[in-house]
Amino acid sequence: MKIVPRIKQQPERLIDENGLRVDGRRVDELRKMKMEVGVLKQADGSAYLEQGKTKVFVAVYGPRELHPRHLALPDRALLRCTYRMASFSVEERKSPAPSRREIELSKVIRQALEPAVFLERFPKTAIDVFIEIIQADGGTRCASITAASLALADAGIPMSDLVAAVAVGKVDGHIVLDINDIEDKYGQGDMPVALMPRKKQITLLQLDGKWTPEEFRQGLELAIRGCEQIYAMQKTALRKRYLEVREEVLREGE
Ligand code: ADP
């Protein structure tokens, strides 16, 4: 039996002579995306998202009574986010114990979502957002934010806008949109950005690597354009779900 190495090798170059990336995309192209809303029966709201090979499920519960009670906030709901990677989501088995990275990303994702949610409408309650990465191929924090805002909307939680997110990167000296795992690993930098597109408000901006001011400006502009494309897909996915619910209600009424 031939044993094929499973660990991704470093490619000779990340952008070829035609300006195409390792997965054939142009520098300003998003990965292929799929979004579905209302996919989990038990949750108050849920979403499934595929961004290239990255796959994520999000379940939202609440607003609901908060335990332990002493955590309750008198003037608003407590938004809790839990980002988890399945053990089988990466090349080498990930330990099921929560890692420092998962704890950090849970906080970063919560902070990117908080500005969009009218938390003050539900004092003393909790809104729980559970994020499960089923397959990780780069950009999981951004995919989580995009999917979580869909799941929050599906749960009927009032928001001033959806949040759309995408990471741009610096790869072989080019600024590229929506980096995958190989580009993340072997590129020279990445910048995840989350945006409330209608309000034009950035709710997450992280930066890794060395960027000149001009590269930063170019990257931010590319990320904003990417978020706007994702926003259009989010609205389509929500509209599709509303139409399904409407059909269900009409059928029940017959
Ligand atoms: P993000 O997924 O938001 O880009 P990171 O930059 O921390 O977050 O991770 C980049 C990618 O590295 C992930 O999407 C995943 O593909 C990979 N990765 C993260 N953690 C692990 C791990 N424990 N084992 C293997 N690969 C991992």
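**Exercise 1. What volume does the largest pocket have, and which residues and elements line it?**

Solution. The model is predicted, with local features requiring pLDDT of at least 70 and side-chain atom pairs pLDDT 80 or more, while totals for chains, interfaces and linings use all residues. Residues are numbered from 1 along each chain as its sequence is written, and side-chain values use heavy atoms, without hydrogens and water.

Step 1. A pocket is defined on a 1 Å grid over the protein atoms alone, as an open set of points where a 1.4 Å probe fits, with protein on both sides within 12 Å along at least five of seven lines; lining residues have an atom within 4 Å of a point. The volume is the space filled by probe spheres set on the points, which are joined across faces, edges and corners. For the largest pocket this volume is about 710 Å³.

Step 2. The lining holds 31 residues, of which Ala136, Asp137, Gly138, Asp181 and Lys185 are the closest to the centre.

Step 3. Helices (DSSP H or I, at least four residues) and strands (E, at least two) are numbered from the N terminus. Two or more lining residues come from each of α1 (100-113), α2, β6 (164-171), α3 and β8 (189-196). The largest share, four residues, belongs to α3.

Step 4. By class, the lining has nine nonpolar, eight polar and 14 charged residues. Here Ala, Val, Leu, Ile, Met, Phe, Trp, Tyr, Cys and Pro count as nonpolar, Asp, Glu, Lys and Arg as charged, and the others, Gly among them, as polar.

**Exercise 2. Locate the ligand and describe its surroundings.**

Solution. Step 1. The ligand sits in the largest pocket, a term requiring more than half of its atoms to lie within 2 Å of the grid points.

Step 2. The surrounding shell (residues with a heavy atom within 4 Å) includes Met85, Val90, Arg101 and Asp184. Its residues divide into three nonpolar, three polar and five charged. Both α2 (140-154) and α3 (181-186) supply at least two of them.

Step 3. Polar contacts are pairs of N or O atoms within 3.5 Å. Ligand oxygen atoms lie 2.5 Å from a side-chain N or O atom of Thr140, 2.8 Å from one of Arg141, and 3.4 Å from a backbone N or O atom of Ala136.

Step 4. Taken alone, the ligand exposes 530 Å², of which the protein buries 73% (Shrake-Rupley method, 1.4 Å probe).

**Exercise 3. Which peptide bond leading to Pro63 is cis?**

Solution. Step 1. The bond is that from Gly62, with omega near 0 degrees; Pro63 belongs to strand β3 (residues 54-65).

Step 2. The bond from His67 to Pro68 is also cis, with omega near -5 degrees. Pro68 is placed in the loop between β3 and β4 (78-85).

Notes. Polar contact = N/O pair within 3.5 Å; in protein donor to acceptor, adjacent residues only side chain to side chain.
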